[in-house]
Amino acid sequence: KIYIKVSKNEILKHLNKKDHYSKLFNFDFVDFIYVIKIQLKLINFFLIKFFKRTNFLNFGKCDILVEYLNGDNSTKKDFPYKEELLKINRHIKIKYLFSSHLSSNGKNGLNKFGENYISRVRNTELKYKPFYVSKISHESKKAIFFCFKNFFKSPLKFSIYLEFIINYEYYYQIFKNLNVKLYINSTWDQNIPAIRQALLKQNGKNIAFQYSYPGNKEDMFLDHANDIIFAWGKDSEKNLDKKSNFIEKIIKINPTHLQYQHKVKKKKQKIITIFDSSFNKDGYISPEIYNKFLKLIIESVLLNKNLKLCMKHKYTSFEKYIDSSNQVLIKKLKFNKRYKSFHGSKIENSRLIVNSDLVLSINSLSISAEALLNDTDSLNLCNSSIDKNFLKKINNLHPFAYYDLNEFKKNFYKKLNFKNQNYKIKKLKNFFFENNIKKIDPVSYINNLLYKDSSTAN
């Protein structure tokens, strides 16, 4: 509830600005609605306890519980090493938890789960399978009584506490009754404090897999507030910031889950692929800058008949950011059958990357990093929050990312020559993915967490 205020305070502190939210629990009309919702939630919580019998025996035991977001989506799996783990230990029991409504990516990633899932919300695509709590724990009863006793001192604060208790009790009952040892969630989750508290009570762990490259500390604030993070990339430990994000352990891995695993036959026609990103008028990358970036690329492709342009939109709705002048240019490419677009999770990023001769991206370094991992040349128009010394180091090895559009333009024209730069790309890859240091195998590590004592996993 107060995440936005706390996050803004962190950013303002970074910018050395004195303005900040000194009173996080100020009460306004929106907060009044929130307080009412929590009271209704609490009533529902007690009514279910009173009228419904616990049904945990319907679900069986579970070693790993995975928060469902994308499922087995080819672009971004919730548990990318599931198949490898089951190959070395087929006795491991895995279930999914549906605690939010399905996104388009989530719908595309649905697999045949059988009965191996729990529903916290209703989704029309799946049979509703709720979990009902058993006897409420003594500590939760005490905490609820404390909140009621002090409620009118600060209705907002104690409503936040009550929501925490409800979530804690729900997850605690699941972890306890299903004997969950590991909970996997690789994205920002407002319930993570309650989840980690419940896991701690059961001696379990919450783990996450890094998908996006963490460009700076400020953007990563509470983005991965997990016990254990499997991370990759130069300076990722520094930018994930263990202390500020309450991370217990950051483990460096080779991110094989981002690599394309099949052989590719390159076509004679050169392919340039653009990956777009999130835009905001007041953000690091505005729609205006994005369209300048697009125009530069599209005009260059139009001038060279041996070039083809592919476009991967992060979301279907992002096409609206393309202005009318660029739409006209795209129509010309389409007419000549030299343009193709993709959306969301319809196709793997890695597949598009390995079929490209040059990958272009904007805002974060994540896509350029994926291209590098797949031995494909790339260039990124990054946001200005990326550390300047870090950019200087990587660009000295091979032109990779620039926050200045003119610098990007200059290096883009150079890359259009498509000279063999394999040696430089490999050198940059070794530096960026720190191939000089020993990495941990995530599959073996997870298996040890499940079946051996904690000293083995350390």
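This short presentation describes the sheets, a helix, the cores and two loop residues of the structure shown above.

Good morning, colleagues. Please bear in mind throughout that this is a predicted model.

I begin with the open sheet. Six strands, that is, 6 in the order β10-β9-β8-β11-β12-β13, form this sheet, and their pairing is parallel. At its edges are β10, residues 339–343, and β13, residues 401–402, each of which pairs on one side only. Within the sheet, β8 and β9 are joined in the parallel sense over 6 bridges. One residue pair may help you to find the place: Ile-274 has Met-311 in β9 as its bridge partner.

Next, the helix that accompanies this sheet. Helix α9 lies across β8, β9, β11 and β12, and runs at about 155 degrees to β9. Its length can be checked. Helix α9 covers residues 287–303, and at 1.5 Å a residue its 17 residues should span 24 Å; the end C-alpha atoms are 24 Å apart, so the two values agree. Many of you will ask which residues of α9 are buried. They are Pro-287, Tyr-290, Asn-291, Phe-293, Leu-294, Leu-296, Ile-297, Ile-298, Ser-300 and Val-301. As a general reminder, an α-helix has 3.6 residues a turn, so residues three or four places apart point the same way. The buried residues of α9 pack against the strands β8, β9, β11 and β12, and also against helices α10 (324–335) and α14 (405–415).

I turn now to another group of strands. Strand β1, residues 64–67, pairs with β2 in the parallel sense over 4 bridges, and 3 bridges join β2 to β3, again running parallel. Tyr-96 is a useful landmark here: Val-66 stands opposite Tyr-96 in β2, and Tyr-96 in turn stands opposite Tyr-117 in β3. How many residues of strand β2 are buried? The count is 5 of the 5, residues 94–98, and therefore β2 is largely enclosed by the rest of the structure. Ile-94, Tyr-96 and Phe-98 point one way from the strand, while Lys-95 and Leu-97 point the other way. In general, side chains in a regular strand alternate between the two faces of the sheet.

Tyr-117 leads us to a lysine. Lys-129 lies in the loop between β3 (117–119) and α5 (138–150). Is Lys-129 buried or exposed? Its relative accessible area is 9%, and because the cut-off for buried is under 20%, Lys-129 counts as buried. Its side chain reaches the backbone oxygen of Tyr-117 at 3.4 Å. Leaving aside neighbours within four places in sequence, Lys-129 is in contact with Phe-59, Glu-115, Tyr-117, Ile-118 and Ser-119.

A second loop residue is Ser-385, placed between β12 and α13 (388–397). With 19% relative accessibility, Ser-385 also counts as buried. The Ser-385 side chain makes a polar contact with the side chain of Asn-383, at 2.4 Å.

Finally, the nonpolar cores. The largest has 44 residues, and those with the most contacts inside it are Ile-64, Phe-79, Phe-209, Phe-230, Phe-432 and Ile-446. Helix α16, residues 442–451, gives the most to this core, with 4 residues. Beyond its neighbours within four places in sequence, Ile-446 is in contact with Ile-64, Phe-79, Leu-85, Leu-182, Ile-207, Phe-209 and Phe-230. A second, separate core of 36 residues includes Phe-45, Phe-151, Tyr-183 and Leu-199.

Thank you for your attention.

Definitions and conventions:
Residues numbered from 1 in each chain as written. Predicted model: local features only at pLDDT ≥ 70, side-chain atom pairs only at ≥ 80, totals over all residues. Heavy atoms only, no water. Core = buried A, V, L, I, M, F, W, Y, C linked by side-chain atoms within 4.5 Å. Buried < 20%, exposed > 50% of the residue type's maximum accessible area, 1.4 Å probe, protein only. Helix = DSSP H or I, 4+ residues; strand = E, 2+ residues; numbered from the N terminus. Contact = heavy atoms within 4.5 Å. Expected span 1.5 Å × (residues − 1). Polar contact = N/O pair within 3.5 Å; in protein donor to acceptor, adjacent residues only side chain to side chain. Pairing = 2+ DSSP bridges. Axes fitted to C-alpha atoms, helices over the stretch in contact; angles between N-to-C directions.
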